[in-house]
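Me: I am a first-year student, and I would like a close look at a single part of this protein model. Please describe the open sheet, together with the helices and pockets that belong to the same picture.

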Amino acid sequence: MTAVLETSGLGKQYRRRWALTDCTLGIPAGHVVGLVGPNGAGKTTLLHLAVGLLAPTTGTVRVLGGEPASSSAQLARVGFVAQDTPTYAGLSVADHLRFGAAMNPGWDADLARDRISRLGLDPGQRAGKLSGGQRAQLALTLAIAKRPELLILDEPIASLDPLARREFLQILMETAAEHEVSVVMSSHLIADLERVCDYLIVLVASRVQIAGEVEALLASHHLLTGPRCDLGSLPAHWQVISASHTDRQSTLLVRTDGGVHDPAWTVGGVSLEDLVLAYMSQAAMQGRKQAAEVAS
């Protein structure tokens with residue numbers, strides 16, 4: 001099956017600063033993908049490369065088997081909602097739907113009208129008078145009604161209140177299931193991603209730290225508590241993601257496909273938040289270490 005988003009050695013440089021470095025991914029179809037990382041990690045850069053708003057400095061990116069924005073047919077296959085959920089303040093809701101119909105040959109007018117009705121939006125109201133949540137839902141409607149195969153969302157819920165976020169995510173889940181749309185959504189709100197995403201990408205300091213199906217990732221990570229230990233004495237197949245120690249005890253987050261069978265360790269489960277924060281902390285520590293080595 002063709003990957004909905006595939007990159008190889010992808011990088012983007014702005015003058016002397018690399019916003020994305022050596023990004024290699026292959027995201028299979030049929031998933032709701034959470035792209036998570038701290039501010040400045042490169043999430044928006046990756047998504048802008050994927051929709052053709054930016055050109056790579058190094059490497060390649062392919063979306064649904066083709067080059068991003070390479071033709072009108074390719075553009076029609078991808079829906080995109082930018083971080084500020086852009087709408088035209090002076091245009092009414094109905095104007096936005098007419099504009100969408102004029103710009104998209106596969107436009108589903110019935111779907112657009114039905115969503116606007118379900119959301120309780122007044123077709124005659126100008127977008128500038130809508131709440132933040134309503135504007136986000138209008139932008140999502142425009143992206144969905146073009147009937148894309150892939151929906152790319154860049155921090156679409158960051159500015160919404162909790163109720164508006166829940167409503168947005170609920171409609172997103174319904175849409176992905178009903179219309180069989182693959183979704184890639186960036187966010188730093190881990191709790192919200194946990195509700196809707198079944199595939200995870202952690203991006204820190206412009207590099208991919210981990211990627212895969214959420215269920216498999218959680219199953220292969222374990223939180224261990226036991227007697228204080230030397231990390232060098234641990235089994236070779238344990239990848240230590242994070243470690244903390246007291247005088248008598250060690251607490252580790254390890255990745256291993258072979259399970260943990262040593263009775264000296266108490267094994268606990270790992271939440272998505274535990275996983276994300278551990279990889280973010282690991283990457284930050286490595287970055288500080290490298291910076292110190294360069295400075296010395």
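Reply: The account below begins with the sheet, passes to the helices and the pockets, and ends with a separate group of strands. The model is a predicted one.

The open sheet is built from six strands, which follow one another in the order E5-E6-E7-E3-E8-E9. The pairing in this sheet is mixed. As general background, strands of a sheet pair through backbone hydrogen bonds, in either a parallel or an antiparallel manner. The edges of the sheet are held by E5 and strand E9 (207–213). Each of these two has a single partner strand, so one side of each lacks a neighbour in the sheet. On average, neighbouring strands of this sheet are turned by 15° against each other, when direction is ignored.

One pairing within the sheet may serve as an example. Strand E3 (residues 32–36) and strand E7 (residues 182–187) run parallel and are joined by five bridges. Val 32 has Val 183 as its bridge partner in E7.

Two helices pack on this sheet. H5 touches E5 and strand E6 (150–154), and its direction makes about 170° with that of E5. H6 touches E3, E6 and E7, and the direction of H6 makes about 155° with that of E7.

The pockets involve some of these elements again. The largest pocket holds about 850 Å³ of space. It is lined by 30 residues, and those closest to its centre are Val 78, Phe 80, Phe 99, Asn 104 and Lys 146. Two or more lining residues come from each of helix H2 (72–76), E5, H3 and helix H5 (132–145). The edge strand E5 and the packed helix H5 thus appear once more in this lining. The element that gives the most is H2, with five residues. Sorted by class, the lining of the largest pocket comprises 22 nonpolar, seven polar and one charged residues.

The second largest pocket has a volume of about 260 Å³. Of its 13 lining residues, Leu 119, Gly 133, Gln 134, Gln 137 and Glu 167 are the closest to its centre. Helix H4 (109–119), H5 and helix H6 (162–179) each give two or more residues to this lining. By class, there are five nonpolar, five polar and three charged residues in the lining of the second largest pocket.

The loop that follows E5 also deserves attention. Pro 86 lies in the loop between strand E5 (78–81) and helix H3 (93–103). Pro 86 counts as partly exposed because its relative accessibility is 47%, and the partly exposed class lies between 20% and 50%. Although Pro 86 and Arg 135 are 49 residues apart in sequence, their C-alpha atoms are 7.8 Å apart in space.

Finally, further along the chain, there is a group formed by E10, E11 and E12. Strand E10 (residues 221–227) pairs with strand E12 (residues 249–255) in the antiparallel sense, over seven bridges. Within this pairing, Leu 224 has Leu 252 as its bridge partner in E12. Strand E11 (residues 239–245) also runs antiparallel to E12, and six bridges join the two. Here Ser 244 has Thr 251 as its bridge partner in E12. E11 and E12 form a hairpin, with three residues between them. In general, the side chains of a regular strand alternate between the two faces of the sheet.

Key: Residues numbered from 1 in each chain as written. Predicted model: local features only at pLDDT ≥ 70, side-chain atom pairs only at ≥ 80, totals over all residues. Heavy atoms only, no water. Pairing = 2+ DSSP bridges. Helix = DSSP H or I, 4+ residues; strand = E, 2+ residues; numbered from the N terminus. Buried < 20%, exposed > 50% of the residue type's maximum accessible area, 1.4 Å probe, protein only. 1 Å grid on protein atoms, 1.4 Å probe; cavity = no way out; pocket = protein on both sides within 12 Å on 5 of 7 lines; lining within 4 Å. Points joined across faces, edges and corners; volume = space filled by probe spheres on them. Nonpolar A, V, L, I, M, F, W, Y, C, P; charged D, E, K, R; others polar. Axes fitted to C-alpha atoms, helices over the stretch in contact; angles between N-to-C directions. Contact = heavy atoms within 4.5 Å.
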